[in-house]
Amino acid sequence: MNPNELKQAVGSGLLSFPVTHFKQDLTFDEAKYRSHVEWLAGYDAAALFAAGGTGEFFSLNPAEVPQVVRAAKASAGNTPIISGTGYGTSLAVEIAKSAEKAGADGLLLLPPYLMFAEQAGLIAHVKAVCQAVGIGVIVYNRDNAVLTAESLKRLADECPNLIGFKDGVGDVDKVIEITTTLRDRLVYVGGMPTHEVYAQAYFGAGVTTYSSAVFNFVPALAQRFYAALRGGDQAVVDDILKRFFFPLVTLRNRKKGYAVSIIKAGLHVLGKDPGPVRPPLTDLTADELAALEKIIAVAA
């Protein structure tokens with residue numbers, strides 16, 4: 001898939017990040033992961049992000065990323081697979097190359113490890129990754145990697161395969177500046193934790209697609225919410241927010257790291273156990289699993 005084809009695909013519908021399945025000894029469970037990706041692909045995601053944030057990219061070693069990508073590509077049918085990459089520039093380039101070799105259709109560049117940097121340094125970082133591969137790259141604006149509209153315009157001018165911008169900061173005024181400045185040069189993706197609760201504001205800013213973590217365990221509900229949002233069916237949007245997303249966010253906010261843990265827990269509730277999260281994340285308690293089961297049952 002060339003970068004422009006990927007750009008069109010990403011902007012065509014709802015996106016999601018499959019969790020990465022682990023055995024009890026915390027090694028990659030490829031068989032269960034492939035089954036999960038195949039199941040998700042049947043719910044018409046516009047693209048799936050393998051080894052992304054919800055897929056615990058931060059806990060995978062560099063050799064595991066292409067392994068996860070190959071498994072996803074083997075199971076996703078025609079659904080594009082976008083691989084995570086990140087850390088320092090050298091390692092991000094190495095992972096990007098290995099993901100491309102493993103068959104990834106594109107890359108999501110997550111923030112570099114730990115350091116805050118000036119715009120010139122962030123530009124150099126993104127540019128190095130873009131120039132190392134031929135596939136499309138989406139940059140993730142979040143935490144210590146927050147690019148300005150001016151920086152993104154420069155990168156778009158210098159990197160033809162930079163095709164997308166994903167926002168996980170939540171400053172809608174800055175997002176509006178970016179979408180107004182770059183217009184259709186990039187595809188814009190919402191990337192806030194449980195983005196559905198932010199989606200209406202982002203739609204107003206020109207961000208008409210997003211990555212849905214809950215798609216992992218309630219894909220039909222996720223698509224129904226997205227369709228209602230795109231179709232302007234406010235009654236359905238409000239109903240799903242009240243019955244499902246608001247209670248889910250309340251439970252998610254009990255502990256740090258639950259933005260990922262609660263997604264794996266959702267699969268566990270459905271009997272599709274993805275295994276534990278890797279440290280430093282922690283799994284939900286038995287009481288929290290019971291609370292999640294009630295939330296899912298009400299929303300079904």
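**Note on the predicted model: a surface patch, two helices and the salt bridges**

1. Y113 is exposed, its relative accessible area being 57%, and this tyrosine sits in the loop that runs between β4 (106-109) and α5 (119-132). Together with L114 and M115, Y113 makes a nonpolar surface patch of about 380 Å². The coordinates discussed here and below are those of a predicted model, and the patch should be read with that in mind.

2. Helix α10, which spans residues 234-252, is bent by about 45° at L241. L241 is itself among the buried residues of α10, a set that also holds V237, I240, F244, F245, L248, V249, L251 and R252. The partners against which the buried residues of α10 pack are four helices, namely α8 (199-204), α9 (219-231), α11 (258-269) and α12 (286-299).

3. In helix α7 (residues 172-182), V175, I178, T179 and L182 are the buried residues. They lie on the same side of α7, because the arc that they cover around the axis is only 95°. The background to such a pattern is that an α-helix has 3.6 residues a turn, so residues three or four places apart point the same way. What do the buried residues of α7 pack against? Their contacts are with two helices, α6 (149-158) and α8, and with two strands, β6 (162-167) and β7 (187-190). Just after α7 comes R183, whose phi is positive, at about 45°.

4. Turning to charged pairs, a search of the whole structure gives 11 salt bridges, and three of the pairs are described in this point and the next two. E30 and R34 form a salt bridge in which the closest N and O atoms are 3.8 Å apart. Both residues belong to helix α2 (residues 30-41), where they are four residues apart, or about one turn of the helix. E30 is partly exposed, at a relative accessible area of 31%, and R34 is likewise counted as partly exposed, at 33% relative accessibility.

5. A second salt bridge joins the side chains of K127 and E158, with an N to O distance of 2.8 Å. This pair links distant parts of the chain, since K127 is in helix α5 and E158 in helix α6, with their positions 31 residues apart in the numbering. K127 counts as partly exposed at 26% relative accessibility, and E158 is partly exposed as well, with a relative accessible area of 31%. The pair also belongs to a wider arrangement, in that K127, R154 and E158 are linked in a network of salt bridges.

6. The side chains of E288 and K255 also meet in a salt bridge, at 3.7 Å from N to O. Here too the pair links distant parts of the chain, with E288 in helix α12 and K255 in the loop between α10 and α11, 33 residues apart. Is each partner buried or partly exposed? E288 counts as buried, because its relative accessibility is 3% and the cut-off for that class is under 20%, whereas K255, at 39% relative accessibility, counts as partly exposed. Helix α12, in which E288 lies, is also one of the helices against which the buried residues of α10 pack.

Technical notes
Residues numbered from 1 in each chain as written. Predicted model: local features only at pLDDT ≥ 70, side-chain atom pairs only at ≥ 80, totals over all residues. Heavy atoms only, no water. Patch = residues over 30% accessible without salt bridge, like charges linked within 9 Å, V, L, I, M, F, W, Y side chains within 5 Å. Areas by Shrake-Rupley, 256 points an atom, 1.4 Å probe, with all protein chains shown as cover. Salt bridge = Lys/Arg side-chain N within 4 Å of Asp/Glu carboxyl O. Buried < 20%, exposed > 50% of the residue type's maximum accessible area, 1.4 Å probe, protein only. Bend = angle between axes of the 7 residues up to and from the residue. Contact = heavy atoms within 4.5 Å. Arc of directions from axis to C-beta.
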